[in-house]
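Me: I'm new to this one, so could you walk me through how some of the helices sit together? Keep it plain, please.

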Amino acid sequence: MQNDLFLGFNLDAWITILTVLSMFTTLLFTKLRTDIVFLAAIGVLFVTGVLDAKEAFSGFSSSSVVVIGVLFIVVAGLTHTGVLQWIVKHLLGQPFSYRKAVVRLMLPVAGLSSFLSNTTVVAMFVGIVKMWSKKLGISPSKLLIPLSYVSGMGGVCTLIGTPPNLIISGLYADKTGHTMNVLATTIPGLFCLGVGILSIIVFRRLLPDRKAPESAFEATSEYTVELLVPSDNKHIGQTLADAGLYAPKGGSLLEIYHFDNIPTPVSEGEFIMGGDRLVYAGQIEEILELKNSHGLVSADHHVFSLSEVDRNRRLRTAYVTFGSALIGTTIGNSSFEHDNNMTLVAVARRGQRINESPRQVTLEAGDTLLLECPPQLSIDTEKLSAQLHFFDSDQLPNVGPKTFIATAIMIAMVVVSSLNILPLLECAFLAAGAMLVLGCCTPTQAMQSINGEILIVFAGSVVLGEAIQKTGLAEQLAFGILDICGSNPLVVMTAICLVGTFITEFISNTAAGAMFFPIMYEAAEKLGYEPYPFLIALMISVSSSFATPIGSPTHMLVYGPGGYRFSDFMRIGLLMNIIILVANIFIVNIVYPLTMIGN
């Protein structure tokens, strides 16, 4: 039965095909957690017998996955000692043109992304770029897409800069017994980076000029109103709910101030007293109707400004992240405000405030929210950060001696690994240990920095590659590509890289790397060529996703703050995909000339 074929594939191959297609469909069209989807795929391949126990869980012991986990701790040491903040502060400067601004932004981001998590670097730069763009008089939408693009292009310059490089190099080591140098992709990566920066400058007119989302919230007097309860008001002694003042049509009650001028926690059971001041947010016209219907009068001033509410509360802006559980819901019908001790004041979409009661707006990915929060709100908690990304952060460490210690540790790790003194895995463990021993981060910070969801996705990607290889899918697909493209190695390399670039617009670049590794490897061997240069080209291509905001986590980070539309990425992204693909194939074949096996 195992050898029976249908359309050239055996039963295990078809199970693998259906599992992969189901997994990608689920990721595209549902809100299920990515790690759960990958675990389910592993489970299906194991239960159906496509993979045995050792093969099904081999990803969790893969050296490339372990390296990624250990590097989280190294990055934590760099983050908590202020290395990234120091670089941001001293390298951006005050350029006098858009061209110079792009170069001043992209070079340090590319350098950092070569050694650190792209997502970490972009998250650090988003708020800085928004403030910087206002100072330069440039729309942030002109800089945030280049920020995201260059983080990906910089990441391919080293094996540790982006997960697909680690996954592909790890699979290559498992297959051949030979390890790739940590700087194997540096020259091709730098060439593509230079071409990418030049392309963005030349085609900058294709970058959208969008209004910053938070600009809809610049005049707070337009959306907060304060009303006073006269001493002879008929509702004195009633609760806010009984009087109909707790959740009036078109708005929500933010604060109630009694005679002592201390804000009282808003509760529908709070009793109304003469002289109380009620602060509302929402549709001002509808809220002001309370003056006539409930006998209230206007207070003499608005209490809120954008940066500060009072000593106890402040306003913050945040956007709804892709995959957030808030998408498709309304704040008014959830416990979000109560659970996080915050109140929704207003909602903007693509830079325009939505003229509806904010608590009744059905939220979409990228929506910008104005929230009244405690001043010391911890915006980095895992629960809250999975729903919202805040534009500001109070948790910026001071630069000190440990900043330079962490930098030295990182440089030593890269140098020792690139000179082949020690393998990358050992170097990463030593660097992580040094970060802990020398106090660059605490054990708690180190453990909190390890993202279990990402590690499961990486491990699952390795397992998918194993299944594609074992079931013969890789060999069949490689033969199919050879039948279409012929025996020209450049044509075959270009075709697989083109498909890889397209696929990675819709799925994890890690998964794309693991899926295409066996196909590229088999195709190279069938042609009789050493697979090494083919795999270098594959590394760059699966990290070259520019045309959709879902193609990379960094695109998702800038989507809301830039006020972008889905099509904004496609306008310049499709052209960037083609340009980088051509540059990739050209430079890889210059640096790593194709050689026949055995030569």
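Me: Which hand is the crossing of H16 and H17?
Reply: The crossing of H16 and H17 is right-handed (the near helix is turned clockwise from the far one by less than a right angle; anticlockwise would be left-handed). This is a predicted model, where local features need pLDDT of at least 70, side-chain atom pairs count only at pLDDT 80 or more, and totals for chains, interfaces and linings use all residues. Residues are numbered from 1 along each chain as its sequence is written, and side-chain values use heavy atoms, with hydrogens and water left out.

Me: At what angle do the axes of H16 and H17 cross?
Reply: Roughly 165 degrees, and the axes of H16 (residues 401-418) and H17 (residues 424-437) come within 9 Å. That makes H16 roughly antiparallel to H17 (an angle over 145 degrees).

Me: Which residues make the contact?
Reply: From H16 there are Ala406, Ile409, Met413, Val416 and Ser417, and among those from H17 are Leu424, Cys427 and Ala428. Contact means heavy atoms within 4.5 Å. By class, the contact of H16 with H17 has 10 nonpolar, 1 polar and no charged residues (Ala, Val, Leu, Ile, Met, Phe, Trp, Tyr, Cys and Pro count as nonpolar, Asp, Glu, Lys and Arg as charged, and the others, Gly among them, as polar).

Me: Switching topic, how far apart are the axes of H8 and H10?
Reply: The axes of H8 (residues 141-155) and H10 (residues 186-202) are 9 Å apart, with a packing angle of about 165 degrees. H8 and H10 are therefore roughly antiparallel to each other. H8 passes H10 in a right-handed crossing.

Me: And what does H8 bring to the contact?
Reply: H8 brings Pro146, Tyr149, Val150, Met153 and Gly154, which meet Gly189, Cys192, Leu193, Gly196 and Ile200 of H10. The classes in the contact of H8 with H10 are 7 nonpolar, 3 polar and no charged.

Me: What about H6 and H10, at what angle do they pack?
Reply: H6 (residues 98-113) and H10 pack at about 150 degrees, with axes 10 Å apart. That makes H6 roughly antiparallel to H10. Their contact includes Arg99 and Val102 of H6 and Leu193 and Ile200 of H10. By class, the contact of H6 with H10 has 10 nonpolar, no polar and 1 charged residues.

Me: Last thing, how many cavities of 30 Å³ or more turn up?
Reply: The search of the whole structure finds 1. The largest cavity has a volume of about 50 Å³, and its lining includes Met153, Cys192 and Phe546.

Notes:
Axes fitted to C-alpha atoms, helices over the stretch in contact; angles between N-to-C directions. Helix = DSSP H or I, 4+ residues; strand = E, 2+ residues; numbered from the N terminus. Parallel < 35°, antiparallel > 145°, perpendicular 65-115°, else oblique. 1 Å grid on protein atoms, 1.4 Å probe; cavity = no way out; pocket = protein on both sides within 12 Å on 5 of 7 lines; lining within 4 Å. Points joined across faces, edges and corners; volume = space filled by probe spheres on them.
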